Amino acid sequence: MPGKLNKIKQMPSLYQGVVNILKEAIIAGRYLPGEALPSEMELAAQLGVSRPVVREALRALQSSGFVVIRRGIKGGAFVGDAARLGLGDNLADLIRLRRVTVAHLYQVRSHLEPEVCRLAALNASEEQLEKISQMLDEYRAADSDDQRVTLNARFHRLIARACGNPLYGLIMDSIMDFTEGFVRTIKPQGRLIHNDEEHVQILAALMARDPEAAERLMRGHAESIDREMQSLEETYLRIKDENAGA
Ligand SMILES: [Zn+2]
């Protein structure tokens, strides 16, 4: 008697396939935390599935925290906190409690980010470089310091997402979460800790696929940010203490 045939393993459902694709895109940094995903209709068209399937997938992603769904005119699906490591808040607490200093943090960043940038020169896709370039155009057109702070941080987030190692992307996101909070706390000009011209040079090195230049330029950039932030650390801690005591 011939042996029985194996049972077919359960096929992944269509919506599960959509969940997986969107999760991968989020982890790869195609959409950054807080950013909007394409509309339901667009996703359905891009993925070749119906809108109810997309809706079901978004609901599943919402319950795991990957997506936040907001109602209203400016509503839609946004990338949620599960796509973060969430170290940013802890860092802010540790620094406020003087367990970690800005110098400690920047010792880490100044090792990490030049390497991240070197890898990005080798591994970034044309699409990722295009996104960074568009971000710099947006920066030039920005008309508030608040916007400039967000976009400056996004430059660093996008490079880390483009380096080919998703963990670097997540770690840099946490560092940038803290750094953005720092800058907003002391409310200096967005450009105070940032030399815009250096961003342009770094992007040029990435586009030239020159890993040595990318690494060197990012090292210089990170060191100058470090100096500015250390000189502002006392101010930052004083404001944080005042707020905590209030
Ligand atoms: Zn920068």
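Is the crossing of helix 5 and helix 10 left-handed or right-handed? It is right-handed, where right-handed stands for the near helix being turned clockwise from the far one by less than a right angle, and left-handed for anticlockwise.

A word on the model first. It is predicted, so local features need pLDDT of at least 70 and side-chain atom pairs pLDDT 80 or more, while totals for chains, interfaces and linings use all residues. Residues are numbered from 1 along each chain as its sequence is written.

Now the helix pair. Helix 5 covers residues 102–123 and helix 10 residues 211–245; their axes lie 8 Å apart at an angle of about 160 degrees. Axes are lines fitted to C-alpha atoms over the stretch in contact, and angles run from 0 to 180 degrees between N-to-C directions. Helix 5 is therefore roughly antiparallel to helix 10, a term for angles over 145 degrees.

The protein has 10 helices and 2 strands, taken as DSSP runs (helices H or I, at least four residues; strands E, at least two) and numbered from the N terminus. It is divided into two domains, with bounds from an automatic or database domain assignment:

| Domain | Residues |
|---|---|
| domain 1 | 14–83 |
| domain 2 | 87–245 |

The C-alpha centres of domain 1 and domain 2 are 27 Å apart. Their contact takes 5 residues from domain 1 and 5 residues from domain 2, counting residues whose C-beta atoms, placed from the backbone, lie within 7 Å.

Finally, the C-alpha trace of the protein spans about 80 × 50 × 45 Å along its principal axes.

Technical notes:
Contact = placed C-beta atoms within 7 Å. Parallel < 35°, antiparallel > 145°, perpendicular 65-115°, else oblique.
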